[in-house]
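Reader: Could you walk me through this structure before I go back to the bench? I would like to start with what the surface terms mean.

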Amino acid sequence: MTSVQISLNSIDKVKTFVNTISEYDFDFDIISGRYVIDAKSIMGIFSLDLSKPINLSIHTDDADEVLKKIDEYLVK
């Protein structure tokens, strides 16, 4: 499992992010405070406070390809 921080501070970013990660068969979770949301759920993501970075857990042993695809959302 790999954990990174992402920023999804606009509606378009949320939509393109969900479309990108939906191409993969493994699970993605977003952790914000005490909430754990399926990152492939647009409605779930919109239920969170998106004004600050959120944690993304990628449930796979080889996340390199995914991290390259979602690079624009990563907090550096």
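Author: A residue is called exposed when its relative accessible area is over 50%, buried when that area is under 20%, and partly exposed in between. Please keep in mind throughout that this is a predicted model.

Reader: OK, so with that cut-off, is Glu23 buried or exposed?

Author: Glu23 has a relative accessible area of 51%, so it is exposed, the threshold being over 50%.

Reader: And which residue does Glu23 form a salt bridge with?

Author: The partner of Glu23 is Lys69, and the closest N and O atoms of the two are 3.0 Å apart. Because Glu23 sits in the loop between α1 (11–21) and β2 (28–32) while Lys69 belongs to helix α3 (residues 64–69), the pair ties together parts that are 46 residues apart in sequence. Lys69 itself is partly exposed, with a relative accessible area of 40%.

Reader: Why can side chains of opposite charge pair at all?

Author: Side chains of opposite charge can pair when their charged atoms come close.

Reader: How many salt bridges does the count come to?

Author: The count comes to 3 salt bridges. Besides the one between Glu23 and Lys69, there is a salt bridge between Lys52 and Asp49, at 3.5 Å from N to O, and another between Asp71 and Lys76, at 3.0 Å from N to O.

Reader: What about exposure for those, say Asp71 and Lys76?

Author: Asp71 is partly exposed at a relative accessible area of 35%, whereas Lys76 is exposed at 76%. In the other pair, Lys52 is partly exposed at 49%, and Asp49 is also partly exposed, with 38%.

Reader: Where does Asp49 sit?

Author: Asp49 is placed in the loop between α2 and β4. The C-alpha atom of Asp49 is separated by 9.2 Å from that of Asn9, although these two residues are 40 residues apart along the chain.

Reader: Let me step back a bit. What pattern does the chain follow along the sequence?

Author: Read from start to end, the protein chain follows β-α-β-β-α-β-α, which comes to 3 helices and 4 strands. Its C-alpha atoms fill a box of roughly 30 × 25 × 25 Å along the principal axes. For a chain of 76 residues, a compact globule would have a radius of gyration near 11 Å, and the value for this chain, 11 Å, agrees with that.

Reader: And what share of the residues is buried?

Author: Buried residues make up 38% of the 76 residues. As for the surface, the chain exposes about 4,700 Å², of which carbon and sulfur atoms supply 48%. Among contacts with a separation of 6 or more, 64% are between residues 24 or more positions apart.

Reader: Which residues touch the most other members in the largest nonpolar core?

Author: That core has 23 residues, and those touching the most other members are Ile6, Leu8, Phe17, Ile30, Leu56 and Ile70. The elements giving two or more residues to this core are β1 (2–6), α1, β2 and β4 (54–58), and the largest share, 4 residues, comes from α1.

Reader: Take Leu8, then. What is Leu8 in contact with?

Author: Setting aside neighbours within four places in sequence, Leu8 is in contact with Lys13, Val14, Phe17, Ile30, Ile45, Leu50, Ile54 and Tyr73.

Reader: Is Ser7 buried or exposed?

Author: Ser7 is buried, since its relative accessible area is 19% and the limit is under 20%. Ser7 is found in the loop between β1 and α1, and, not counting residues up to four places away in sequence, Ser7 touches Lys13, Tyr73 and Val75.

Reader: Back to the outside: which residues make a nonpolar surface patch?

Author: Ile11, Ile42 and Phe46 make a nonpolar surface patch of about 250 Å². Of these, Ile42 is found in helix α2 (residues 42–46) and counts as partly exposed at 31% relative accessibility.

Reader: Last one: where does Phe26 lie, and what is Phe26 in contact with?

Author: Phe26 lies in the loop between α1 and β2. Leaving aside neighbours within four places in sequence, Phe26 is in contact with Lys40, Ile58, His59, Thr60 and Val66. The C-alpha atoms of Phe26 and Ile58 are 7.8 Å apart in space, while the two residues are 32 residues apart in sequence.

Conventions: Residues numbered from 1 in each chain as written. Predicted model: local features only at pLDDT ≥ 70, side-chain atom pairs only at ≥ 80, totals over all residues. Heavy atoms only, no water. Salt bridge = Lys/Arg side-chain N within 4 Å of Asp/Glu carboxyl O. Buried < 20%, exposed > 50% of the residue type's maximum accessible area, 1.4 Å probe, protein only. Core = buried A, V, L, I, M, F, W, Y, C linked by side-chain atoms within 4.5 Å. Contact = heavy atoms within 4.5 Å. Patch = residues over 30% accessible without salt bridge, like charges linked within 9 Å, V, L, I, M, F, W, Y side chains within 5 Å. Areas by Shrake-Rupley, 256 points an atom, 1.4 Å probe, with all protein chains shown as cover. Rg over C-alpha atoms; globule rule 2.2 N^0.38 Å.
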